[in-house]
Amino acid sequence: MTIIVGDKTKIAFEAEAIELIKDKQIVMGNFYLWLKSGNLGNNDDSYINLTWQMNYLKSFLLESNNRINDKVFLMPMTLINDAIMEILYSEKQFENVLYYEYCNLFNIGHIFCDIFESRNITLLLIKNMLGEERLIWQIDNSKTMIDEIYLPPNYIENIVHDFLVELDKTKAIFT
């Protein structure tokens with residue numbers, strides 16, 4: 001069963017449930033993240049634990065209000081990316097733990113670690129006080145492979161919620 005939630009020209013999640021490991025109630029399958037009609041991640045890594053992915057996405061929903069910062073939202077894309085990455089992935093991360101934790105709120109790449117593990121993909125989500133979302137992504141630390149998209153209020157959260165509902169239904173198919 002294949003599930004696609006969202007708009008692939010903006011952002012969408014796609015999953016294909018392949019197998020249920022009944023004794024552990026774990027759904028295994030494929031998972032893809034679509035941004036602006038492009039599929040991010042490693043398509044060769046096609047068999048992941050979708051149940052774990054659901055847990056990562058649930059934790060994302062719990063932290064959604066922590067990503068609000070009007071000043072950061074208005075900054076140029078490369079400045080945001082460079083500043084946050086400097087804190088998260090350099091020796092400076094240990095200089096000020098609170099600053100590191102604050103910057104890490106915007107970094108949502110860990111949510112997709114199973115599909116990004118063979119590539120260095122950074123995903124940053126910043127929201128303004130109106131809830132409008134700005135998603136910035138960079139591939140392989142390349143200055144030329146960086147892009148962004150502006151989305152209406154709570155757009156990503158709504159897609160994540162709907163995707164979790166649909167993915168949860170896949171367990172019933174196997175029983």
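Let me begin with Asn-69, which is buried, with a relative accessible area of 17%, and I should say at once that everything I describe comes from a predicted model. Asn-69 sits in the loop between helix 1 and helix 2, the latter being residues 70-74. From that loop, a polar atom of the Asn-69 side chain lies 3.0 Å from the backbone nitrogen of Lys-71, and the backbone nitrogen of Val-72 is likewise found 2.9 Å from a polar atom of the side chain of Asn-69.

Let me turn to the helix that precedes this loop. Helix 1 runs over residues 50-62, and its 13 residues reach 19 Å from the first C-alpha to the last, close to the 18 Å expected at 1.5 Å a residue. Which residues of helix 1 are buried? They are Leu-50, Thr-51, Gln-53, Met-54, Leu-57 and Phe-60, and because these residues cover an arc of only 165° around the axis, they fall on the same side of helix 1. As general background, an α-helix has 3.6 residues a turn, so residues three or four places apart point the same way. Thr-51 also takes part in a contact at the start of helix 1, where a side-chain oxygen of Asn-49 comes to within 2.9 Å of the backbone nitrogen of Thr-51.

Two of those buried residues, Leu-57 and Phe-60, bring me to the cavity, since both are among the residues that line the largest cavity. The structure holds one cavity of 30 Å³ or more, and the volume of the largest cavity is about 50 Å³. What classes of residue make up the lining of the largest cavity? There are twelve nonpolar residues, with no polar and no charged ones. Besides the two from helix 1, the lining includes Ile-11, Phe-13, Leu-33, Ile-108, Ile-111 and Phe-112, together with Leu-123, Leu-135, Ile-156 and Val-160. In terms of secondary structure, at least two residues of this lining are supplied by each of strand 2 (11-21), helix 1 and helix 6 (155-174).

Finally, a brief word on Val-27, which belongs to strand 3, residues 26-35. Is Val-27 buried or exposed? With a relative accessibility of 1%, Val-27 counts as buried. In sequence, Val-27 and Ala-17 are ten residues apart, while in space the separation from C-alpha to C-alpha is 6.5 Å.

Note on methods: Residues are numbered from 1 along each chain as its sequence is written. This is a predicted model: local features need pLDDT of at least 70, side-chain atom pairs count only at pLDDT 80 or more; totals for chains, interfaces and linings use all residues. Side-chain values use heavy atoms; hydrogens and water are left out. Helices (H or I, at least four residues) and strands (E, at least two) are DSSP runs, numbered from the N terminus. The expected span of a helix is 1.5 Å times one less than its number of residues. Buried means under 20% relative accessible area, exposed over 50%, partly exposed in between (1.4 Å probe, protein chains only). The arc is that of the directions from the helix axis to the C-beta atoms. A polar contact is a pair of N or O atoms within 3.5 Å; within protein, one must be able to donate a hydrogen and the other to accept it, and residues adjacent in sequence count only if both atoms are side-chain atoms. On a 1 Å grid over the protein atoms alone, a cavity is a set of points where a 1.4 Å probe fits but cannot get out, and a pocket is an open set with protein on both sides within 12 Å along at least five of seven lines; lining residues have an atom within 4 Å of a point. Grid points are joined across faces, edges and corners, and a volume is the space filled by probe spheres set on the points. Ala, Val, Leu, Ile, Met, Phe, Trp, Tyr, Cys and Pro count as nonpolar, Asp, Glu, Lys and Arg as charged, and the others, Gly among them, as polar.
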